[in-house]
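Morning, everyone. Please pull up the sequence and the structure together. I'll keep this short.

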Amino acid sequence: MTVNMTKGQAISLQKTDGGTLTAVRMGLGWQAAKRRGLFGSRTREIDLDASAVLFADKQPVDVVFFRHLQSDDGSVRHTGDNLVGGAGQGGDDEAILVDLQRVPVHIDQIVFTVNSFTGQTFQEVQNAFCRIVDETNGQELARYTLDGGGQYTAQIMAKVSREGSGWKMTALGNPANGRTFQDLMPAILPHL
């Protein structure tokens with residue numbers, strides 16, 4: 001059963017049988033919004049990029065994004081860059097896989113971001129979402145809809161953080177501006 005998350009909502013990443021999740025996928029999907037023009041409606045390709053910034057005691061220690069597809073320890077992996085979105089018509093266009101059992105103990109938070117590398121705003125995007133999936137069985141656990149269509153070029157989507165011996169996910173959904181995860185660091189830090 002999927003939980004449709006709202007901004008700021010946190011959920012535990014525990015299995016319904018009480019077990020702990022071992023591997024999750026943070027999926028990102030989007031489509032270009034149709035624009036009405038003189039000769040009918042058209043779409044323009046949108047290049048959104050998913051990134052995961054790994055933190056230890058509020059300090060960034062590693063990042064996974066389209067130019068660095070795997071964390072240095074191998075516990076977090078990006079599946080590859082999608083330059084146009086909408087490929088899955090509702091499926092994941094980009095995904096970041098997290099092997100929670102292999103994340104080093106000093107990593108206490110992983111923040112997921114999405115940004116428009118080409119600088120287009122979210123007004124040009126529709127049907128955008130991020131979701132977390134139990135990678136062991138493919139079950140969607142939570143979904144956060146990236147709505148609002150504002151004049152911003154990025155969002156701080158969500159974070160997973162250690163909670164006791166397990167993990168929890170918090171939907172953030174905070175708008176920001178920037179073309180890369182580096183541009184978003186000032187907007188990420190208040191959420192740690």
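Which residues does I156 touch, leaving out those up to four places away in sequence? Keep that in mind while I set the scene.

This is a predicted model. The protein has one helix and 14 strands. Of its 192 residues, 53% count as buried. Now look at contacts with a separation of 6 or more: residues 24 or more positions apart account for 68% of them. On the outside, the protein exposes about 9000 Å². Carbon and sulfur atoms supply 48% of that area.

Back to I156. Find it in strand β13, residues 154-163. Its relative accessible area is 0%, so I156 counts as buried. Here is the contact list. I156 touches V111, F112 and T113. It also touches L172, G173, N174 and A176. Then come L184, A187, I188 and H191. Take A176 from that list. A176 and I156 are 20 residues apart along the chain, and their C-alpha atoms are separated by 7.1 Å.

Next, the helix. Helix α1 covers residues 181-188. Which of its residues are buried? F181, L184, M185 and I188. These four cover an arc of only 135° around the axis, so they sit on the same side of α1. Two of them, L184 and I188, are also on the I156 contact list.

What covers the buried residues of α1? The cover includes β6, residues 48-56, and β7, residues 59-64. It also includes β10, residues 109-116, and β14, residues 166-176. And β13 is part of that cover too. That is the strand holding I156.

That's my tour. Over to you.

How values were computed
Residues numbered from 1 in each chain as written. Predicted model: local features only at pLDDT ≥ 70, side-chain atom pairs only at ≥ 80, totals over all residues. Heavy atoms only, no water. Helix = DSSP H or I, 4+ residues; strand = E, 2+ residues; numbered from the N terminus. Buried < 20%, exposed > 50% of the residue type's maximum accessible area, 1.4 Å probe, protein only. Contact = heavy atoms within 4.5 Å. Areas by Shrake-Rupley, 256 points an atom, 1.4 Å probe, with all protein chains shown as cover. Arc of directions from axis to C-beta.
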